[in-house]
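Here is a short tour of a two-chain model, told through its contacts and charged pairs. Have the structure open and follow along.

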Amino acid sequence: MHFVQLLVNGIVTGLIVALPALALSFTFAILRFANFAIGAMLTFGAYTAYVLNVAAEWPLVWAACGSAVLCGLVCVATDRAVYRRLRGRTSVTLLVASMGVAFFFENIVRLVFGNSIRGFDVEVARPIRLGELRVNHEQIVTLSVTCTALFLVWFLLTRTKLGRAMRAVADDPELAAVRGVDSDRVIAWTWFIVGGLTAIAAVLIGLDGAIEPLMGWNYVIIVFAAAILGGLASPMAAVAGALLLGVVEELATLALPSTYRTGVAFALIALLLLFRPWGLFGKPRVER
Amino acid sequence: MQSLQIEGVCAGYGGRDIIHDVTVDVPAGSMVCVVGPNGSGKSTLMKSVAGLLPVRMGRIAIGGLDVTALGAPARARARLAYVPQERNVFRNMSIGENLRMGVEFLGIAGAAFEERVQRVHALFPELASRHRDQAGNLSGGQRQMLAFGCALMADPAVLLLDEPSAGLSPKYVDEMFEAIGRVHRMGITVFMIEQNTRKGLEHSQLGVLLVSGQVRAVMPAAALLGDEQFHRQYLGGH
C-alpha cells in the first residue's frame, strides 16, 4: 500500500511539472530557444491569481482562468517587446534575453508584494481515504485540471488548423511561410497558450505549497529536466518526462532518505540521456 | 493563365546584392528555365520571387498584380506556388497532413480539397498508399513528388521550381519532368531553375542564362541548347 501511495503522489507531483514542461517545449519547438523565464512566469501567474482570488474575491477557479488569460496576454506582449526584436538571432541571445525577462517579472512581484509567504483563499478539506490510500483534495484538483489541459493541448496540436500551423512552423518556418502560414500570428498564439498553461500550473503549485517570490525559481530546474527528458522538441513527450520524474522521485524514498530523492531522479536522467540523447519518449526527429 | 514579370530585380544577403538588375518576362502559360553555373544566383533569384528574400530594387508581378511588397504567405494567396529544392516537405507531419497544408492556409476546403488530393494521387500514385506515413521517412524522389504535389494542391497560376531534378535518380528525373510537363499542359505557368541544364531546357520554351547574378541571354530554349558557345562553356562540350 505504501508503494501505491508513493506512486499516486509521484504521478501528481509529475503532473504539476507537466504543464510548465509542456509550455517550455512549446517555446523551444516553435521559437528555438530555452525560455529561462518560465520560472518567473510561474511566480507571476500565481500572484496574478492571488490578486484575483484574495483581493478581488473571485472563486479560485475563476481566478485561475483570469490569470491564464492575463498571463497569456503578458506573454504575447513580452514577445512583442523583447523576443520579436531578436527573431533570427542565435538561441543563446534569446536565452539571455529570457533571463532578463525573468528578473524583470520576479522583481515586479517583489516590489508589489514583498517577500512574505501567501496562500490562496481556499477551504481546508480533509484528505479522502480509500482503504489505506490518502488522497488530498488538491491532488484530485491537480489530476483533473492537468489531464483536461493536456487533452486540450493534444487536441489542439493534432486536430486543429492552428495546431497544424504550429507544428509546421516548428518543422520548417520558411516552408510554412510558403504554404501561406503567417508565422507572427502562430507565434503570438503560441505565447498565449504558453502563458495560459504556465498560469494554470502556477495555481496548482500555489495550492500544493505556498505563494512566494521564489516559488517559480524552485521549479526551473525540474521543469527543464522534464522537458529535456521527454525530448525538448516534442511537446507531448515533456509530459511523459515530467511523470517519470515525479514517480522516480517518490519511489526513491523507498530506498533512500527523502532528501536524496531529487538526486536520484537527476542521476536517472543523466543515465538515460547518455543512451537516448533525443529524450526518452521523443523519437529522433528526422533532420535529413 | 497568368504571367510572371521580374523587372530589374536586385537582391542578396546582408546588404550585398547577389543578383543585379535581373529582368525576366515569363509569358502566361509558358515554361521558362533559368540555367547557369553554380553560384550564379539562381537560388537567390528563386527566393526573391517566392517572397522569402526581400527585393532591394525592382519589381515582381503575377499576372499584372504587383507583389513586390508582399511576403511569402501573401504571394502564396496570390496563386504563386513554390517548390524548394531541399527542406520541401514538413518532415514530422504525415503525407496527408502535408497535402492538407498545401491548401489549408489559402482558404480551400471541403469538396475542392478531396478533388485536388485525387488529382495529386493520379499524378503520383506512389503517394496514395502512404497517406499516414511520416513525410520524413520518404525517399528523396518520393519527397520531391510530395513537395510538388503539395504545391499543386493550391491550384497555382504560377509554379516556381527550384532544381526539381536535384538529388534524384535518373528514373525519378524522367518521371519528374513528365509530371511537370503534364502540369504545364494544364495551363500553369512554370518558372524553374535547373542544374540539369539539358533536361531543363529540353522541356522549356524559353531559356535564361544567368551568370554572376546577371542575365546573359534570354532565348528560345532550343536555341540556347543548340548554341555552340553556350555548350562549350556550360555543358562541358558535349
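## A pair within chain B

Which side chain meets Glu7(B) in a salt bridge? The partner is Arg59(B), with N and O 3.2 Å apart. Keep in mind that this comes from a predicted model. Arg59(B) sits in strand β4 (residues 57-62) of chain B and Glu7(B) in strand β1 (residues 4-13), so the pair ties together parts that are 52 residues apart in sequence.

How open are the two ends? Arg59(B) has a relative accessible area of 27%, so it counts as partly exposed. Glu7(B), at 35%, is partly exposed too.

## How far to trust it

The model scores ipTM 0.90 and pTM 0.90. For chain B, the mean pLDDT is 91, and 97% of the residues reach 70 or more.

## Where the chains meet

Now for the interface. On the chain B side, 30 residues are in contact with 21 residues of chain A. About 2500 Å² is buried between the two chains, and carbon and sulfur atoms give 51% of that.

Polar links are there as well: seven residue pairs are in polar contact between chain B and chain A, both residues at pLDDT 80 or more. As for where the touching side of chain B comes from, α2 (72-77), α3 (95-101) and α6 (140-153) each supply at least two residues. Sorted by type, the residues on that side are 16 nonpolar, six polar and eight charged.

## Salt bridges across the interface

Side chains of opposite charge can pair when their charged atoms come close. Between chain B and chain A the count is four salt bridges. One of them joins Arg87(B) to Asp172(A), at 3.3 Å from N to O. This pair runs from the loop between β6 (80-83) and α3 of chain B to the loop between α6 (161-171) and α7 (173-178) of chain A.

The two ends are not equally open: Arg87(B) is partly exposed at 45% relative accessible area, whereas Asp172(A) is buried at 4%. Glu174(A) also pairs across the chains, forming a salt bridge with Lys47(B) whose closest N and O atoms are 3.5 Å apart.

## Charged pairs in chain A

Over all chains, the whole structure holds 18 salt bridges. Chain A has one between Arg110(A) and Glu106(A), with the closest N and O atoms 3.5 Å apart. Both residues lie in helix α4 (residues 91-113), four residues apart, or about one turn of the helix. Arg110(A) is partly exposed at 27% relative accessibility, while Glu106(A), at 8%, is buried.

## Two buried residues in chain B

Phe148(B) lies in helix α6 of chain B. Why does Phe148(B) count as buried? Its relative accessibility is 0%, and buried means under 20%. Leaving aside neighbours within four places in sequence, Phe148(B) is in contact with a set of residues including Val83(B), Leu123(B), Phe124(B), Leu159(B) and Leu161(B). Also among them are Met176(B), Ala179(B), Ile180(B) and Val183(B).

Ser165(B) is found in the loop between β7 (158-162) and α7 (170-185) of chain B. Despite the loop setting, Ser165(B) is buried, at 8% relative accessibility. Not counting residues up to four places away in sequence, Ser165(B) touches Val173(B), Phe177(B), Glu194(B) and Asn196(B).

Methods:
Residues are numbered from 1 along each chain as its sequence is written. Chains are lettered from A and ligands numbered from 1 in the order in which they are written. Side-chain values use heavy atoms; hydrogens and water are left out. Contact means heavy atoms within 4.5 Å. Buried area is the accessible area (1.4 Å probe) that two parts lose on being put together, summed over both. A polar contact is a pair of N or O atoms within 3.5 Å; within protein, one must be able to donate a hydrogen and the other to accept it, and residues adjacent in sequence count only if both atoms are side-chain atoms. Ala, Val, Leu, Ile, Met, Phe, Trp, Tyr, Cys and Pro count as nonpolar, Asp, Glu, Lys and Arg as charged, and the others, Gly among them, as polar. pLDDT is the predictor's confidence in each residue, from 0 to 100. Buried means under 20% relative accessible area, exposed over 50%, partly exposed in between (1.4 Å probe, protein chains only).
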